[in-house]
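Biologist: Please take a close look at one part of this model and tell me what sits around it. I would like a single connected account.

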Amino acid sequence: MPQIHIQPLFVRLIQEQGDLKVPELEVIPLEQIGEKLLEMSQQRTLGKIVASVIE
């Protein structure tokens, strides 16, 4: 019998209903990491920082 993972199903359902807002992902160049870390420390951003090290 296959296992059903309740949490991912629940998260998907509430996201589809519009009750869960997922911030857009922004990938930045490594050169901008300092600026983005400063923004995060000042609580001006949501989510995590994703830096690209390969062009």
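Modeller: The model is a predicted one, and a convenient place to start is Val 27, which belongs to strand β1, residues 27–29. With a relative accessible area of 48%, Val 27 is partly exposed. On the surface, Val 27 joins Leu 25 and Val 50 in a nonpolar patch, and the accessible area of these residues together is about 270 Å².

On the other side of the strand in sequence, the loop between β1 and α2 (33–41) holds Glu 31. Glu 31 counts as exposed, its relative accessibility being 70%. Along the chain, Glu 31 and Val 53 are 22 residues apart, and 9.1 Å separates their C-alpha atoms.

Next come the charged contacts. The count of salt bridges comes to 2. In one of them, the side chains of Glu 26 and Lys 36 meet at 3.8 Å, N to O. Glu 26 is in the loop between α1 (6–16) and β1, whereas Lys 36 is in helix α2, so this pair ties together parts that are 10 residues apart in sequence. The partners differ in their cover: Glu 26 counts as partly exposed at 48% relative accessibility, while Lys 36, with a relative accessible area of 15%, is buried because the cut-off for that class is under 20%.

Lys 36 also takes part in a salt bridge with Glu 39, where the side chains meet at 3.7 Å, N to O. Here both residues belong to helix α2, and being 3 residues apart they are separated by about one helical turn. Glu 39 is buried, as is Lys 36. Taken together, Glu 26, Lys 36 and Glu 39 are linked in a network of salt bridges.

Glu 26 leads on to the largest pocket, which holds about 250 Å³ of space. The lining of this pocket has 14 residues, and those closest to its centre are Glu 24, Glu 26, Leu 46, Lys 48 and Ile 49. Glu 26 therefore has a place both in the salt-bridge pair with Lys 36, which ties the loop between α1 and β1 to helix α2, and among the residues closest to the pocket centre. Helix α2 gives the most to the lining of the largest pocket, with 3 residues. By residue class, the lining divides into 7 nonpolar, 5 charged and 2 polar residues.

Conventions:
Residues are numbered from 1 along each chain as its sequence is written. This is a predicted model: local features need pLDDT of at least 70, side-chain atom pairs count only at pLDDT 80 or more; totals for chains, interfaces and linings use all residues. Side-chain values use heavy atoms; hydrogens and water are left out. Patches are made of residues with over 30% relative accessible area and no salt bridge: like charges are joined within 9 Å, nonpolar side chains (Val, Leu, Ile, Met, Phe, Trp, Tyr) within 5 Å. Accessible areas come from the Shrake-Rupley method with a 1.4 Å probe; for residues, only the protein chains shown count as cover. A salt bridge is a side-chain nitrogen of Lys or Arg within 4 Å of a carboxyl oxygen of Asp or Glu. Helices (H or I, at least four residues) and strands (E, at least two) are DSSP runs, numbered from the N terminus. Buried means under 20% relative accessible area, exposed over 50%, partly exposed in between (1.4 Å probe, protein chains only). On a 1 Å grid over the protein atoms alone, a cavity is a set of points where a 1.4 Å probe fits but cannot get out, and a pocket is an open set with protein on both sides within 12 Å along at least five of seven lines; lining residues have an atom within 4 Å of a point. Grid points are joined across faces, edges and corners, and a volume is the space filled by probe spheres set on the points. Ala, Val, Leu, Ile, Met, Phe, Trp, Tyr, Cys and Pro count as nonpolar, Asp, Glu, Lys and Arg as charged, and the others, Gly among them, as polar.
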